[in-house]
Amino acid sequence: MAPMCSNYESVSRADRMLAFFGVVHDDSPPTITFPTGLAPFIRLNEQGRRQAVDGHFGLLPHFAKELTYGRRTYNARSETVATLPSFRDAWKRGQRCIVPAEAIFEPSYETGKAVRWRIWQPGEVPMGIAGIWTSWRDPVDREEHFSFAMLTVNADGHPVMQR
């Protein structure tokens with residue numbers, strides 16, 4: 001799980017997806033992913049095997065009318081994920097996933113202004129952030145899209161995240 005995160009650097013290299021997460025995924029350009037942007041996430045397929053698929057960052061529940069709904073649903077608070085209408089169906093169906101990230105970005109307010117910090121693991125080992133996913137049918141073009149959200153925890157009192 002992660003603190004509140006509105007953008008992150010997705011794992012884009014196929015060799016890193018395979019080495020660290022055991023899934024095959026095509027190389028894609030390195031990207032900083034913002035809400036509604038496409039990025040890979042890892043879910044279990046119908047055979048119960050890990051599969052990397054691309055989805056929109058920001059969970060799109062069945063009642064979402066447009067992709068921009070995902071700008072409000074990219075983080076699912078662990079305290080309310082089971083009860084909020086936007087997330088509860090995916091949670092109830094057990095649609096858990098891993099969001100592979102090279103780094104996350106969080107603001108630090110120590111200077112009185114928001115300074116963007118890049119946070120990563122030692123050795124630049126990618127993070128596997130807990131998430132939930134769902135599929136959504138666009139009411140306009142009738143296309144099916146995957147979407148996902150990161151599970152977050154309250155970071156009050158955390159020595160770095162509270163900064």
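How much accessible surface does the protein chain have, and what share of that surface belongs to carbon and sulfur atoms? The chain comes to about 9,100 Å², and 53% of this belongs to carbon and sulfur. Keep in mind throughout that you are looking at a predicted model.

**Stop 1: the whole chain**

Start with everything selected. Along the principal axes, the C-alpha atoms fill a box of roughly 45 × 35 × 25 Å. A compact globule of 163 residues would have a radius of gyration near 15 Å, so the 16 Å of this chain agrees with that expectation. Colour by burial next: 44% of the 163 residues count as buried.

Now switch to a cartoon view. You should find two helices and nine strands, and walking from the start of the sequence to its end gives β-α-β-β-β-β-α-β-β-β-β. If you like contact maps, take the pairs at least 6 apart in sequence: 61% of those contacts join residues at least 24 apart.

**Stop 2: the largest nonpolar core**

In soluble globular proteins, nonpolar side chains tend to be buried together. To see the case here, select Y8, V99, I104, I129, F148 and M150, the residues with the most contacts inside the largest nonpolar core, which has 17 residues. Then add the strands around them: β3 (38-44), β4 (50-57), β6, β8 and β9 each supply at least two residues of this core. Of these, β6 gives the most, with four residues.

**Stop 3: F148 and its neighbours**

Which residues does F148 touch, leaving aside those up to four places away in sequence? Centre on F148 and show its surroundings: the partners are Y8, A39, F41, G55, H56, F57, G58, L59, C97, V99, I132 and W133.

There is also another core, lying apart from the largest one. That second group has eight residues, and you can pick out L59, V81, I132 and A149 among them.

**Stop 4: helix α2**

Select residues 85-92, which form helix α2, and highlight its buried residues S86, F87 and A90. Turn the view until you look down the helix axis: these buried residues line one face, because they fall within an arc of 65°.

What do the buried residues of α2 pack against? Bring up β5 (75-77), β6 (96-108), β8 (127-137) and β9 (144-152), and you have the strands they meet.

For a last click, choose G94, just after α2, and check its backbone: phi there is positive, at about 70°.

Technical notes:
Residues are numbered from 1 along each chain as its sequence is written. This is a predicted model: local features need pLDDT of at least 70, side-chain atom pairs count only at pLDDT 80 or more; totals for chains, interfaces and linings use all residues. Side-chain values use heavy atoms; hydrogens and water are left out. Buried means under 20% relative accessible area, exposed over 50%, partly exposed in between (1.4 Å probe, protein chains only). The arc is that of the directions from the helix axis to the C-beta atoms. Contact means heavy atoms within 4.5 Å. A nonpolar core is a set of buried Ala, Val, Leu, Ile, Met, Phe, Trp, Tyr and Cys residues joined through side-chain atoms within 4.5 Å. The radius of gyration is taken over C-alpha atoms; the globule rule is 2.2 Å times the number of residues to the power 0.38. Accessible areas come from the Shrake-Rupley method with a 1.4 Å probe; for residues, only the protein chains shown count as cover.
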